[in-house]
Structure formats: structure tokens, C-alpha cells
Amino acid sequence: MKYQTRKKALVLLADGTIFYGKSIGIEGTATGEICFNTGMTGYQEIFTDPSYFGQLMVATNAHIGNYGVNNEEVESEGIKISGLICRNFSFTHSRVDSDGNLLDWFVKHNLVAISDVDTRALVSYIRENGAMNAIISTEVDKIDELKKQLAEIPNMEGLELASKVSTKEPYFVGDENAQIKISALDIGIKKNILRNLAKRGAYIKVYPYNASFEQMSDFNPDGYFISNGPGDPEPLVEAQKTAKEIIEKDLPLFGICLGHQVIALANGISTYKMHNGHRGINHPVKNLLTGKGEITSQNHGFAINREETEAHPDVEITHVHLNDNTVAGIRMKSKNVFSVQYHPEASPGPHDAEYLFDQFIENIKKVKA
């Protein structure tokens, strides 16, 4: 479908700053914490990543929609971002295996999106002033009302969002005759994580965000996994309790992103909200165990405390982010546990870190042997 008239639209930040643009044709208002992703491709995977739930996405790539959509390139059921802000929105697309255009897909999911925004200036402002709540709207003549609505949005710090995106009932992925069984805690899991585990010979049972260790152990798994996801890790007390019990029993455990933070909290290491987080597909990480560098896909607004990690007698830092020296990976010295802050499954992004799935499977096999 095409829209001939494009209404004026705006981005209103929590500090009162306004950026103007145009509606792509879907009228309305959307709220959330504003963030930006520097990836040059993979917009459909980004929009469906559960870790972005509750966030307004600023795309730094100048063109969004130019290759349409493909029904296979999703990381969850439906769009998870609250709204989109971009520079140029492509109403037409060119791609051999496209299943349609981005506008129709947004209309189907009723996603408010605005274009023609000076995204370079907006991203520079966020980088300088930090992540904050924002609102995008086509109701440009109701700024006072929008400010009142914006003031009521809860801050991301202290916000539990895993329950909003987690599965309601357990489900299975992979070959039921596989030699390895894994129980996965879904606190916002991406489909490509499950694909990576399944293609390495694992049969996975995925559990809701509040599943107990007893429930997850009923599957009689060979290993446990805690997924990525949105929001602040601190309110996830049930997930932390489950992680503690897995750790105490010295069972193979792997965590990614939010799961990494949950494992840190289970070890008494605190987390904090970052100035504006890491979101993109070219973040440099150093593996301290091998000395090798990795280009990684990242999406997080929280991190674990480095000083507390270094002081912990049983936790070792395995990976660091080379831009700011934040902790990008840890392992326990006396337990079969490790985690990373970034996304080895990428989608979108480079495959430098896929070896971590192999490492997890090897950890499981050593215990089974």
C-alpha cells in the first residue's frame, strides 16, 4: 500500500528536546526508551529482537526498507520495538526473495515509524546526553499533552520486561532423538540461538521466564541455558534463584546478554545501567584466554560491575569490550559456568563468536563422558 500524504511528525525527548520528521503513513504515538543501532543491515532481525522490547529504535543506517522483508528473517513472533525513527524510508524495495515491503509489514503490526529525521544529530545528542525516555507522534500540535504522556513512562532502570516477551508455556526445539538435551530459560530468547544449539545436536526445551530449577530439571537435561532479553536484570529474582541452584549443583550453564547479567547477579556481582549501551554489529571484543579479537553483535543497556568481578574469588573475566573496557564475558573457576554480554548467534552480524556454542556443547559432553 502507498500513502500519498505524509504528515509532519516529531521525536520528543524526556528533557524537552524536539526533533522533527515525517510520518511514513501510520498515524499515532509510541513511547519508550530511545536507543540507536549502528548496524548497516539486518533491520528486520533487529525489529523482532525481544531485547528491544519497550524501546524506540533510531536506525543510523541512512536507508531503511530498501530490501523489503522476508518471513524467515525474524527473531521472534512479531515486532518488538515500540517505534522506529529513521532518515530515509524506502516505500519500494528490490530483492529477489522478498516477501513484501516494509511499510505493509509495519501496518500489519501497527508500528508507528517516522522518517526524514536528522538521525546524525539525534544520535549525537543521545551519545552526549545518554539514553532517556522519548515519544514519537504525528500529533505535532499537542506537545503539552505529549509531554504529560511522556512523564508517565517508567524508567528502564528497575523495569522488569522479561515477562512481557517470554513464552507462556514450555515448548521444544530440535530433534527429540538428539544425544544432548538442554533446558533453556526464556527471558527474551532469539530464534537464532535455538537454531545454533539445535544444529549442534541438541534437543531444547524452552521454559517461561519464571521457571524454577525443579521445573527445568524435570526434562533431565544435560545442560542449562539462560537467554538474552529486555529490561533491567535486577528485578529477575526468580531467574537469579534458578541460576544459583544450577551453579550450586555444578551443572553446565551458558548465558547470553541478559542471561550473562543474571549469572553475575547470582554470584553477588552487581549490574548498572550504561550511559547509552552497546547496539550494533561491529563491536570489538578481546578474548583474554586466547588473545584473539572478535567483531561482535551487541544489544544491551546494562553491564556488570568490573571491579566486583575482578575481586570475586571464583569468577574470571574472559572477554572485554575494547571500546570502553566493560566486561564482555566471564567464567567460573570452580564451576561449569560461563557467559557473554554479546550475541554469538549474531543475526544480524558477524560469526566470529559462534565458537561459544561449540564450547557449551563440549562442556556438556565432558560431563556426559
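## Close-up views of a predicted model

**View 1. A polar contact joins the side chains of R200 and D358, at 2.6 Å.** The model shown here is predicted. R200 sits in a loop, with α6 (191–198) on one side of that loop and β12 (202–207) on the other. Is R200 buried or exposed? R200 counts as buried, because its relative accessibility is 18% and the cut-off for buried is under 20%. Beyond its neighbours within four places in sequence, R200 touches E354, F357, D358 and I361. D324 is another matter: 124 residues separate R200 and D324 along the chain, and their C-alpha atoms are 33 Å apart.

**View 2. Helix α11 lies across strands of the sheet.** This helix covers residues 355–368. Which strands does α11 lie across? They are β11, β13, β14 (253–256), β15 (271–287), β16, β17 (315–321) and β19 (337–340). Relative to β11, the helix runs at about 120 degrees.

**View 3. Ten strands form an open sheet with mixed pairing.** Follow the order across the sheet: β10-β12-β11-β13-β14-β19-β18-β17-β15-β16. The edges are β10 (171–173) and β16 (293–304). Each edge strand has a single partner, so one of its sides has no neighbour in the sheet. From one strand to the next, the twist averages 25 degrees.

**View 4. Strands β11 and β13 run parallel.** Backbone hydrogen bonds pair the strands of a sheet, either parallel or antiparallel. Here, β11 spans residues 180–185 and β13 spans residues 223–226. How many bridges join β11 to β13? There are four. Take S183 as an example: its bridge partner in β13 is Y224.

**View 5. The largest nonpolar core has 32 residues.** Nonpolar side chains tend to be buried together in soluble globular proteins. Which residues have the most contacts inside this core? They are I187, I226 and L253. Two or more residues come from each of β12, α7 (213–217), β13, α8 (237–248), α9 (258–266), β17 and β18 (327–332). Helix α9 gives the largest share, five residues.

**View 6. I187 has contacts with I226 and other residues.** Neighbours within four places in sequence are left aside here. Among the contacts of I187 are A162, V165 and Y209. A run of partners follows: I226, S227, N228, G229 and P230. L236, L258, G259 and V262 also touch I187.

**View 7. Residues 7–137 carry a domain annotation.** An unreviewed UniProt entry labels this span "Carbamoyl-phosphate synthase small subunit N-terminal". Its end C-alpha atoms lie 10 Å apart. The span is 18% helix and 32% strand.

How values were computed
Residues are numbered from 1 along each chain as its sequence is written. This is a predicted model: local features need pLDDT of at least 70, side-chain atom pairs count only at pLDDT 80 or more; totals for chains, interfaces and linings use all residues. Side-chain values use heavy atoms; hydrogens and water are left out. UniProt positions are given in the numbering used here, feature names are shortened, and annotations may be inferred rather than shown by experiment. Two strands pair if DSSP finds at least two bridges between them. Axes are lines fitted to C-alpha atoms, for helices over the stretch in contact, and angles run from 0 to 180 degrees between N-to-C directions. Contact means heavy atoms within 4.5 Å. Buried means under 20% relative accessible area, exposed over 50%, partly exposed in between (1.4 Å probe, protein chains only). A polar contact is a pair of N or O atoms within 3.5 Å; within protein, one must be able to donate a hydrogen and the other to accept it, and residues adjacent in sequence count only if both atoms are side-chain atoms. A nonpolar core is a set of buried Ala, Val, Leu, Ile, Met, Phe, Trp, Tyr and Cys residues joined through side-chain atoms within 4.5 Å.
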